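The following report introduces a structure to a reader who has not met it before. It begins with the contact between two chains, then turns to each chain and to selected elements.

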Amino acid sequence: MTVVGDQLQPTLFERSRPGRGGDKIPHPPKDALDRIPADARRVTPPALPELNEPEVVRHYVNLSQLNYAIDTGFYPLGSCTMKFNPKLNEWAARLPGFATLHPLAPDAIAQGTLQLLFELEEWLAEISGMRAVTLQPAAGAQGELTGILMIRAYHRSRGDTERDEVLVPDSSHGTNPATASMAGFRTITVPSAPDGGVDLDKFQAALGPRTAAVMITNPSTLGLFEERIGQLLELVHAAGALAYMDGANLNAILGRFKPGEAGFDVMHFNVHKTFSTPHGGGGPGAGPVGVGERLIPFLPTPRVLRSDDGSYRLETIDERPESIGRLRSFVGNTGVLVRAYAYLRAHGGTGLRQVSDDAVLAANYLRKRVGEAYDIPFDRPCKHEFVASAAGIKKRTGVRTLDIAKRLIDHGYHPPTIYFPLTVEEGMLIEPTETESIETLDAFADALIAIAHECETDPDLVKSAPHDAPVGRLDEATAARQPNLRWRPMAGAEMPCPD
Amino acid sequence: MPYGPHTAGDRERMLATLGIDSVDRLFDDIPEALRAGRLDLPGPEPELELAGRLQALAGRNRTDLASFLGAGVYRHWTPANVDQLLLRGEWYTAYTPYQPEISQGTLQSIYEYESLLAELVDLDVVSASHYDGAAATAEAGLMTCRATRRERVLVSKAIHPHYRQTLAAYFGGGLELEEIPLVADGDAAGTTDLAALERLLGDAGRPVAGVIAGQPNFFGLLEPMAEIGRLAHGAGALFVSVIEPVSLAVLAPPGAYGADIAAGEGQPLGISPQYGGPYLGILASTDALVRQIPGRLVGMTTDVKGRRAYVMTLRAREQDIRRDKAASNICTNQALLALAASIYLATIGPHGLRDVAAQGAARAARLAEALADAGAPRVHPGPYLNEFAVRVPDARGVHRRLLDRGVLAGLVLADIVPDEPSLADALLVCATEVTTDAEIAQFAAALKAELRESAGQVGAVAAGRAADAGPVEAAR
Amino acid sequence: MVPSDLRYTKDHEWVRVDGDEATVGITEYAAGQLGDIVFVELPEVGREVAQFAAFGVVESVKAVSDLFAPLSGSVAAANDALTGAPELVNGDPYGEGWMLKLTLSTPAEVDELLDATAYDALIAAG
């Protein structure tokens, strides 16, 4: 790590010196731009930094070392399924045949990728119990929008135009209500029952002729399986609404529960969670969507199809006139899907079921261990993640969950998701995943327990954590009140020299 | 299981701690009637065999052709350090920097991305990435509606058809989208029809929130952006410019001609085509719209010791806090691709980027000349940068047959803009700095031979076209 | 004890009534619960607001909350100082941190608001 004065790393702009870098590509002829009309040309060149390659490499290697990542340690970020990202998948996605293929390449020269996508669609349909799958959505949230727009189109196709409400439980991901709004619906939030599950009576009361859809995360964001899911789905369908499943927590139920078979009409997958594709510091992901029979006509276009002669092709735009259209350019985040394909092939059906079994076993084991020092609000087996609470600790010592999370950094761990779901006081959502060893789980539990003791013996130590991170806690209020969102060259700073 | 650590002993120890004899007990809460049977999937496959399978699949794609296909995704030289740096696990196996104290690498890289792109587009606020150019354009359209509290957006028909379709889907929740037609003929043919735009803006009962036009446009032509912006602002609408980032090294940036929002596809900045993604949705705006812009923003601040540090900011616009009132539902974005673009820009530098753009323009001029000589003149007379449409009789058939001559002859425009009769027999072709003289010569020679052969069998063309429209070739 | 000359809503807005004019803000308790306030979104002058309907939004670093009008009326002024200095709401919630001035349409609505004693009891109950 390079520490320079009062900052960890100078910016690219501060490292810049006019005249450095260059010679990556041949120089163009001097008259190359003469045919471009003067009023369309750029007058002042962009003030991009000038660096030589070694400087660029050090900048980004040193910056990377300020990050915590799965490859450096345990990352129990609940709801995000931070499992190991297999290296074979990175290799595969970079094979030139996959990586350099243009998205508008004619089907005849894209048969390898089309076959991969077709098979992946079939496997996702099998895993989810759905009838058909689109691979187009770029992320889970875009999958949600795809699903809700299809539900909207479905109701409209039946002349059912009065349905303008979407029901979500109060423990849902924020993307659910945000998606409903984007698709032109009003969100009705339904409180959960005391056991953490859906409150059937309250749901029934909220359901009606204006309900277009119900969005359910199962297992829920509390890591609990909805035991009343059967009755709930019956009620939804009896009201003429459709059921959307947020598949964020699919890692818990592979081979154990197929949402389509259980009666869900549509769901999305988060391949960067369940199927191990890297989170990339925030993205990319991919959010395929599976649907039951009723919604197939409305799937985005194009789908990948297999012709009678065994070749693969993309659907034409007018082949399914009721399609909601497209949510993005081209076919989808294919590079991400190649990785998911490799992951599924590496596991097969038995391996995937083992994934969920081990993820759930690890979560329950950790829940038991963490329960030695923290409140566990829902005392029943969890699925792949669980909520612990520091409400008791806060009451006794004044130390908050936020402080405990920051102190975990000093112990060498990425903190869990905190203050989500919003329904649990001082909550932390812990998801160990199936790729962490029992030694790691024990060491993490020991750290959390040690911190709980620190809260009693030396609360200030916890409240002022982290102490061993590259930086301390940040002034977020000033960052929001006077946003500094871009580097501005200081007066007199050296600008790029003219050509 | 290929990546799991647990031995049989480990599992037994965990089960014993839980006081149960089988992991099945942990799934007893799934109602019996709803429990799944087996998963009918192929595999599992050991890494050695799987690697062979993946290689074989990749080998079934043909990527050895001389390619002139662009249409929103472009081949460029990516300096070797870009991918080497991306392969560091500290970058790609981290997630959203929710814990800034241990995410300063990602946070500073995003701040630098915002800064680099702000320089390119000449606007102050750059969001930390969207899914792709189409989704970013759709978000830009929604932004204009939120900011003006109006519900009607005009989009030029010279915007990429996929972007227009994406806009239409995103507007499916009740907003209104109308297309501005193209100029049919004359010097401005193929660009946005200003007179039509003025008429559409003049409909007093239906005020317009935003006007969307592209530079260069989908047909590679340069648009009168300043004039479009002036008309939009005159009607109280915001102006959205859809940009291609490499071109901004040489073309006037959105900030210079009064655009309020810039959206576009960042793929040309060091990202490989990958049959559709992951790419990089660029979205930028003026300071005035900072609270309307969706997606993450990273700002510079200080830590408790007063040291410079970075943090996600203006979070309350986002879905996890504002829920149904959020600016967008976006959560996972394309951070790793924004990093790729930053490393690319840092490595290639301002002069390098100008060279890339200018070299593409030079190669394209040579291509235009060679194709005209071969019998395929440009469709539109107006100025272009590095992409243009050429008139080719029986374009679909010629395009298919050129594959056998080792040439990917751009895009058959009728396949992607089927409702524009003036483009019925046209190919959209591009050149970049990686296009070689040999490839241009190969394309021109193959095209000449193809046109000569089909001229010899004029009578067969009509019949041939019907056959060409079979399912595989007509797939787009 | 909260200021005794003000009236309050259950959503933690205060109002100071002076004839058919009224000044509106959020209480010290509300500002404390939100934490560092970073942004306040207020309506334009002239807009009509109805009692207990949302008129704006207040944001802190990690939370957001709707603002509800204690009384019906038209907006006579919005506190522009909060644009550049939203922290005034934390520092002086009953003074410089005011948000709206209303010209009241139905002054009698004030009877539906809490007085200081009732509001104190509300926040004491958590």
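## Contact between chains A and B

In this predicted model, 183 residues of chain A are in contact with 176 residues of chain B. On the chain A side of this contact, helix H11 (residues 334–370) of chain A supplies the largest share, with 23 residues. Sorted by class, the side of chain A that touches chain B consists of 93 nonpolar, 57 polar and 33 charged residues. The model scores ipTM 0.96 and pTM 0.95.

## The chains in outline

Chain A contains 16 helices and 12 strands. The radius of gyration of chain A is 26 Å, close to the 23 Å that the globule rule gives for 499 residues, and chain A is therefore as compact as a globular protein of that length. Chain B, for its part, contains 15 helices and 14 strands. The table sets out further values for these two chains.

| Chain | Span of the C-alpha trace along the principal axes | Buried residues | Contacts (separation of 6 or more) between residues 24 or more positions apart |
|---|---|---|---|
| Chain A | about 70 × 70 × 45 Å | 61% of 499 residues | 74% |
| Chain B | about 85 × 55 × 50 Å | 62% of 476 residues | 72% |

For chain C, the mean pLDDT is 93, and 99% of the residues of chain C reach 70 or more.

## Strand S2 of chain A and its partners

Is strand S2 (residues 165–169) of chain A enclosed or open to its surroundings? Five of the five residues of S2(A) are buried, so this strand is largely enclosed by the rest of the structure. The cover extends to both faces of S2(A): A:Glu165, A:Leu167 and A:Pro169 are buried on one side, and A:Val166 and A:Val168 are buried on the other.

S2(A) pairs with two strands described here. Strand S3 (residues 186–190) of chain A runs parallel to S2(A) and is joined to it by five bridges. Within this pairing, A:Val168 stands opposite A:Thr189 of S3(A). Between S2(A) and S3(A) the chain passes through helix H7 (residues 175–182) of chain A, and the resulting β-α-β crossover is right-handed.

The other pairing involves strand S4 (residues 211–217) of chain A, which is also parallel to S2(A) and is linked to it by three bridges. Here A:Leu167 has A:Val214 in S4(A) as its bridge partner. A:Leu167 is also one of the buried residues of S2(A).

## Helix H13 of chain A

A helix further along chain A is likewise mostly covered: eight of the 10 residues of H13 (residues 401–410) are buried. The buried residues are A:Thr401, A:Asp403, A:Ile404, A:Ala405, A:Lys406, A:Arg407, A:Leu408 and A:Ile409.

Which elements cover the buried residues of H13(A)? Among them are two strands of chain A, S11 (417–418) and S12 (427–430), together with two helices of chain A, H14 (438–457) and H15 (459–463). Just after H13(A), the backbone at A:Gly412 adopts a positive phi of about 95°.

How values were computed: Residues numbered from 1 in each chain as written. Chains lettered and ligands numbered in written order. Predicted model: local features only at pLDDT ≥ 70, side-chain atom pairs only at ≥ 80, totals over all residues. Helix = DSSP H or I, 4+ residues; strand = E, 2+ residues; numbered from the N terminus. Rg over C-alpha atoms; globule rule 2.2 N^0.38 Å. Buried ≥ 20, exposed ≤ 12 C-beta atoms within 10 Å, placed from the backbone. Contact = placed C-beta atoms within 7 Å. Pairing = 2+ DSSP bridges. Right-handed = clockwise from strand over helix to strand, strands pointing away. Nonpolar A, V, L, I, M, F, W, Y, C, P; charged D, E, K, R; others polar. pLDDT = per-residue confidence, 0-100.
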